[in-house]
Amino acid sequence: NTPEVIQEETVEEVATEVVVLPPPTLVSPTEVVAERFFTDEFDVDRGDWDFFYVGDGDSEKISITHDDSYLKVDFDEMNMYMYSIYTPHDYESVRVTMSAENRGRNNNNVSLVCNYSDIGWYEFSVESGGLWYVYAYIADASYEHPGYNVIANGGARSLKQGKEVNEYALECDGNELTLWVNDVELQKVRDPRFALTDGKVGFNISSLNVLPITVNLDWFRIEQP
C-alpha cells in the first residue's frame, strides 16, 4: 500500500496594526445627574443635596431616610430646623414645588428656599395650622439685620391640616416672590430691602414644640417659571 501523503498547509502570517485608543473621558456621577430643571422623586440618594441644621437641639435625633420612594424626615428633638439645598446650580428665575405628607403630630413647618448664597436666602414657611411667613434670612453678619427677617405673612385656607398631603410652591424672580399652597396663589411679595437676587434652591422641615414629627416628601420639582 502506498502511504497517504499529507500535505502541510502553509500558514501565512498576517501583519496586524495595533491601534492605541485614547483613554476614555471620565464623567463624575454628579455631572451625570445634575440636571438644572427636573423632578426629584426621592427614589435614590442622588448625592446633590447638602443638609444642615439650625437649632440648639441634637441633630443626631433627626433621621433622614429614603423609604418607598419618599424622603422620610423623623424628628425626635423639638425646635429643630433641617435644611436641604440642591447644590449644582444657581438660579435667577425659578419655580420650586414640593409635595409633603404629614405623618406625625400636626405641629410642624414645611418651607421652600430660593436665592440661597453666602449672604442668605428667601424662605416661604407654612405652619401646619395654616399660617405662613416669608423670611429674608441674612447669614452675613456684616449686614444690618442678620438672622430671620419677616417680610410678609398671612394665612393659607387652601392648606389641608392633619395627616394630609399638601403641595407648596415658590416662584422667585430676583427679589420678587410668588407663593402657592395646593395650586392656590397666596400672595406676590417684593423685597427691595434685602434684594437677594439669585442663588440655590432647597427646602426645610422643622419641628416645633411637640413630638413625634414625621414628614414624608414625595417629590421636589425645579422648573422655569
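Which strand does N166 lie in? N166 lies in strand β11, which covers residues 165-173, and this residue is a good way into the model. The structure here is predicted, so please read the values below as computed from that model. The protein chain holds one helix and 15 strands. Of its 225 residues, 41% count as buried. Taking contacts between residues at least 6 apart in sequence, 65% join residues at least 24 apart.

**N166 and its surroundings**

- With a relative accessible area of 4%, N166 is buried, because buried means under 20%.
- The side chain of N166 has a polar atom 2.8 Å from the backbone nitrogen of K160.
- Leaving aside residues up to four places away in sequence, N166 touches M98, S99, A100, S158, L159, K160 and N182.
- K160 therefore appears twice for N166, as the owner of that backbone nitrogen and as one of the residues in contact.

**The disulfide**

- Strand β11 also carries one half of a disulfide, since C172 lies there while C114 lies in strand β7 (residues 108-116).
- A search of the whole structure finds one disulfide, and C114 and C172 form it with their sulfur atoms 2.0 Å apart.
- The torsion about the S-S bond is about -90°, so the disulfide of C114 and C172 is left-handed.
- Because its two cysteines sit in β7 and β11, the pair ties together parts that are 58 residues apart in sequence.
- Both C114 and C172 are buried.

**The nonpolar core and F203**

- The largest nonpolar core has 47 residues, and those that touch the most other members are F203, I205 and F220.
- Strand β15 supplies the largest share of this core, with five residues.
- Outside the residues up to four places away in sequence, F203 touches F42, W49, L71, M82, Y83, S84, M98, S111, L112, V113, L217 and F220.
- M98 is one of the residues touched by F203, and M98 is also among the contacts of N166.

**Aromatic rings**

- The structure holds 18 aromatic pairs.
- One of them joins F203 and F220 in a tilted arrangement, with 5.7 Å centre to centre and 45° between the planes.
- F203 lies in strand β14 and F220 in strand β15, so this pair ties together parts that are 17 residues apart in sequence.
- F203 and F220 are both buried.
- Ring pairs also link a cluster made of F52, Y83, Y116, W121, Y133, Y135, Y137 and Y148.
- Y83, a member of that cluster, is also one of the residues that F203 touches.

**Arginines over rings and in a loop**

- R95 lies over the face of W180, at 4.0 Å from the ring centre.
- R221 takes a position over the face of W219, at 4.3 Å from the ring centre.
- R193 is found in the loop between β13 and β14.
- Its relative accessible area of 56% makes R193 exposed, because exposed means over 50%.
- The side chains of R193 and H145 are joined by a polar contact of 2.8 Å.
- R193 and I151 are 42 residues apart along the chain, and their C-alpha atoms are separated by 9.1 Å.

**Backbone features worth a look**

- The peptide bond from L211 to P212 is cis, with omega near 0°.
- P212 is placed in the loop between β14 (199-207) and β15 (213-223).
- F42 has a positive phi, near 60°, in a residue other than glycine.
- The loop between β1 (38-40) and β2 (49-54) is where F42 is found.
- Is F42 buried or exposed? F42 counts as buried, at 2% relative accessibility, and it is one of the residues that F203 touches.
- D183 is not a glycine either, yet has a positive phi of about 65°.
- D183 belongs to the loop between β12 (176-181) and β13 (184-190).
- D183 is exposed, with a relative accessible area of 63%, whereas F42 is buried.

Methods:
Residues numbered from 1 in each chain as written. Predicted model: local features only at pLDDT ≥ 70, side-chain atom pairs only at ≥ 80, totals over all residues. Heavy atoms only, no water. Helix = DSSP H or I, 4+ residues; strand = E, 2+ residues; numbered from the N terminus. Buried < 20%, exposed > 50% of the residue type's maximum accessible area, 1.4 Å probe, protein only. Phe/Tyr/Trp six-rings, centres within 6.5 Å; stacked < 30°, edge-to-face > 60°. Lys NZ or Arg CZ within 6 Å of the ring centre and 35° of its normal. Polar contact = N/O pair within 3.5 Å; in protein donor to acceptor, adjacent residues only side chain to side chain. Contact = heavy atoms within 4.5 Å. Disulfide = S-S within 2.5 Å. Core = buried A, V, L, I, M, F, W, Y, C linked by side-chain atoms within 4.5 Å.
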